[in-house]
Amino acid sequence: MTGNASPSAFQITIEPSGRTFTTPADETILAAGIAQGVNLPYGCKDGACGSCKCKKLSGSVRHGTHQSKALSEAEEAQGFVLTCCASPLSDVVLESRQVTLAGAFAIKKMPTRIKLMEKKSPDVMRLLLQMPANDRFAYHAGQYIEFLLQGGVRRSYSMASAPQLIEQGLELHIRHMPGGLFTDQVFGSMKERDILRIEGPFGSFYLRDDSDKPIILLASGTGFAPVKAIIEHMQFKGIRRPVTLYWGGRRPFDLYMDDWVQAKLAEMANLRYVPVVSNALAEDHWQGRTGFVHRAVLQDLPDLSGHQVYACGAPIVVDSARADYLAAGLPEDEFYADAFTSEADKVTA
């Protein structure tokens with residue numbers, strides 16, 4: 001007599017795109033999706049940011065460790081799942097309008113050489129990485145890579161240059177987090193011509209070219225990095241949709257590439273720029289907008305129902321923007337985000 005053994009893998013279906021893939025019972029839905037080229041939304045991959053949250057239409061899952069701010073008990077009861085820490089207990093159907101029919105780029109591991117180190121502010125370093133000449137690295141503007149450090153440790157950073165500029169070097173903006181395993185090296189012992197190992201591309205934060213809606217780019221601090229790549233991508237592709245960059249920092253020097261943005265304004269007639277500073281001192285002589293950057297958007301555009309928003313930066317900025325913009329009429333599936341979740345954020349309950 002044959003027993004009814006549990007299947008070793010289950011089918012995951014993503015609506016409305018109809019994409020399907022299989023997930024072993026001991027693997028997360030997100031990891032399986034990435035491995036099979038299905039571009040599910042995600043950010044930290046550690047149950048801390050909530051970027052991978054999807055609505056479950058049918059089936060059951062088991063959640064691993066995650067933070068309540070990423071998925072609350074009430075949301076879980078309503079059928080939401082975090083794909084980065086959810087393993088299937090049956091076939092599952094999820095709803096994610098961010099998943100498209102387009103294939104994802106291949107994820108690769110490769111060595112890189114530091115081509116340039118340029119300090120852009122007291123705590124921001126611009127790195128240019130020279131990629132291997134014999135191995136093409138393709139990605140969407142807005143995605144990120146992971147540095148592969150000793151002991152299996154990884155650190156994630158968004159690429160700050162469009163893929164069309166890859167031959168000039170892969171640009172990254174690194175903010176110094178004192179005591180940080182990687183950033184202490186960047187601002188201490190690291191030097192040009194050093195070799196680093198990376199893996200990528202990762203992430204679902206990139207421009208959706210199938211829309212003609214006006215774009216809001218919201219960035220705080222080094223959240224400007226992937227936004228810069230998106231602006232360059234739009235220029236290279238001749239995308240003329242109206243786009244407004246809102247870039248916020250505590251002090252004016254946090255807008256560490258303001259001169260780059262000013263130059264782009266002269267080149268792109270469809271680009272507007274609103275810099276916002278929250279904690280300027282008298283010595284800064286700041287004459288521009290003040291306050292929280294995400295609120296500046298609502299001051300200018302109280303009705304966001306006809307827009308598309310791309311938000312990147314600190315989790316508090318991204319989370320506040322999501323809540324306030326949906327209340328201002330922004331469709332939920334028109335809010336794309338990449339929260340810069342630090343290692344400290346990941347261990348905070």
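# Exercises on a predicted model

**Exercise 1.** In this predicted model, find which residues I231 touches, not counting residues up to four places away in sequence.

Solution.
1. Set aside the residues up to four places away from I231 in sequence.
2. The residues that I231 then touches are L217, L245, W260, K264, M268 and L271.

**Exercise 2.** Name the residues that touch the most other members of the largest nonpolar core, and state which element gives this core its largest share.

Solution.
1. The largest nonpolar core has 29 residues.
2. Those touching the most other members are L217, F224, I231, M234, L245 and W247.
3. Two or more residues each come from β14 (215-220), α4 (224-237), β15 (243-249), α5 (258-267), β16 (271-277) and β18 (308-313).
4. Helix α4 provides the largest share, 6 residues.
5. A second core, separate from this one, holds 25 residues, including A32, I34, C85 and L94.

**Exercise 3.** Locate E146, decide whether E146 is buried or exposed, and list the polar contacts of its side chain with the side chains of R154 and S156.

Solution.
1. E146 lies in strand β10, which spans residues 144-148.
2. The relative accessibility of E146 is 5%. Buried means under 20%, so E146 counts as buried.
3. The E146 side chain makes a polar contact of 2.5 Å with the side chain of R154.
4. Another polar contact, of 3.5 Å, links the side chains of E146 and S156.
5. Leaving aside neighbours within four places in sequence, E146 is in contact with K45, R154, R155, S156, R197, I198, E199 and F202.

Methods:
Residues are numbered from 1 along each chain as its sequence is written. This is a predicted model: local features need pLDDT of at least 70, side-chain atom pairs count only at pLDDT 80 or more; totals for chains, interfaces and linings use all residues. Side-chain values use heavy atoms; hydrogens and water are left out. A nonpolar core is a set of buried Ala, Val, Leu, Ile, Met, Phe, Trp, Tyr and Cys residues joined through side-chain atoms within 4.5 Å. Buried means under 20% relative accessible area, exposed over 50%, partly exposed in between (1.4 Å probe, protein chains only). Helices (H or I, at least four residues) and strands (E, at least two) are DSSP runs, numbered from the N terminus. Contact means heavy atoms within 4.5 Å. A polar contact is a pair of N or O atoms within 3.5 Å; within protein, one must be able to donate a hydrogen and the other to accept it, and residues adjacent in sequence count only if both atoms are side-chain atoms.
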